[in-house]
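Hello,

Here is the structure you were waiting for. Please open it alongside this message; my notes follow below it.

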Amino acid sequence: MVDSNREAEQRLVEYQILAQTSSSRNRTLSVRVRLENPAEESIVRFLVMGADPILVFRQEDYDLMMHWEHKMDPEAEEPVPLKGPQ
């Protein structure tokens with residue numbers, strides 16, 4: 001399962017599947033999740049694909065992966081330009 005929005009120490013306390021849609025390629029679930037440490041409750045969409053193994057992605061993570069993007073570190077340094085021929 002891929003969910004980069006959940007903090008490392010957060011623990012899933014409860015979940016409830018609210019809705020499900022399917023296509024020929026994958027299944028989408030809207031899920032109410034309740035986390036603790038720190039406490040948080042939200043409605044999240046997950047994509048479920050495959051058969052063996054089953055892969056589960058948070059919708060936002062899947063979209064970033066499909067566009068070759070990732071969450072940026074807020075403290076990352078500015079990129080250094082490469083030196084080319086002079």
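**Loops, strands and surface**

P53 sits in the loop that runs between β3 and β4, the latter being residues 55–58. Please keep in mind that this is a predicted model.

The peptide bond that joins D52 to P53 is cis, with omega at about 15°. A second cis bond leads from N37 to P38, and its omega is near 0°. P38 belongs to the loop between β2 and β3, where β3 covers residues 40–49. N37 is in the loop between β2 and β3 as well. The backbone at N37 has a further feature: phi is positive, about 70°, although N37 is not a glycine. Why mention these angles at all? Because most residues other than glycine have a negative phi, and most peptide bonds are trans.

Now the overall layout. The chain contains four strands and one helix. In sequence order the pattern is β-β-β-β-α, so in DSSP terms, with elements numbered from the N terminus, the helix follows β4. Of the 86 residues in the chain, 21% count as buried. Among contacts with a separation of 6 or more, 25% are between residues 24 or more positions apart. The exposed area of the chain is about 7,500 Å², and 52% of it comes from carbon and sulfur atoms.

Two strand residues can be set side by side.

- T28 is part of strand β2, which spans residues 27–36. Is T28 buried or exposed? T28 counts as buried because its relative accessibility is 14%, and the cut-off for buried is under 20%. Apart from neighbours within four places in sequence, T28 contacts A19, Q20, T21, R45, F46 and L47.
- Y15 is part of strand β1, which spans residues 11–22. With a relative accessibility of 53%, Y15 counts as exposed, since the cut-off for exposed is over 50%.

Y15 also takes part in a nonpolar patch on the surface. Which residues make this patch? They are L12, Y15 and I17, and the patch has an area of about 320 Å².

If you look at one stretch on screen, I suggest the loop between β2 and β3, with N37 and P38 in it. The loop between β3 and β4, with P53, could come after that.

Regards

Key. Residues numbered from 1 in each chain as written. Predicted model: local features only at pLDDT ≥ 70, side-chain atom pairs only at ≥ 80, totals over all residues. Heavy atoms only, no water. Helix = DSSP H or I, 4+ residues; strand = E, 2+ residues; numbered from the N terminus. Buried < 20%, exposed > 50% of the residue type's maximum accessible area, 1.4 Å probe, protein only. Contact = heavy atoms within 4.5 Å. Areas by Shrake-Rupley, 256 points an atom, 1.4 Å probe, with all protein chains shown as cover. Patch = residues over 30% accessible without salt bridge, like charges linked within 9 Å, V, L, I, M, F, W, Y side chains within 5 Å. Salt bridge = Lys/Arg side-chain N within 4 Å of Asp/Glu carboxyl O.
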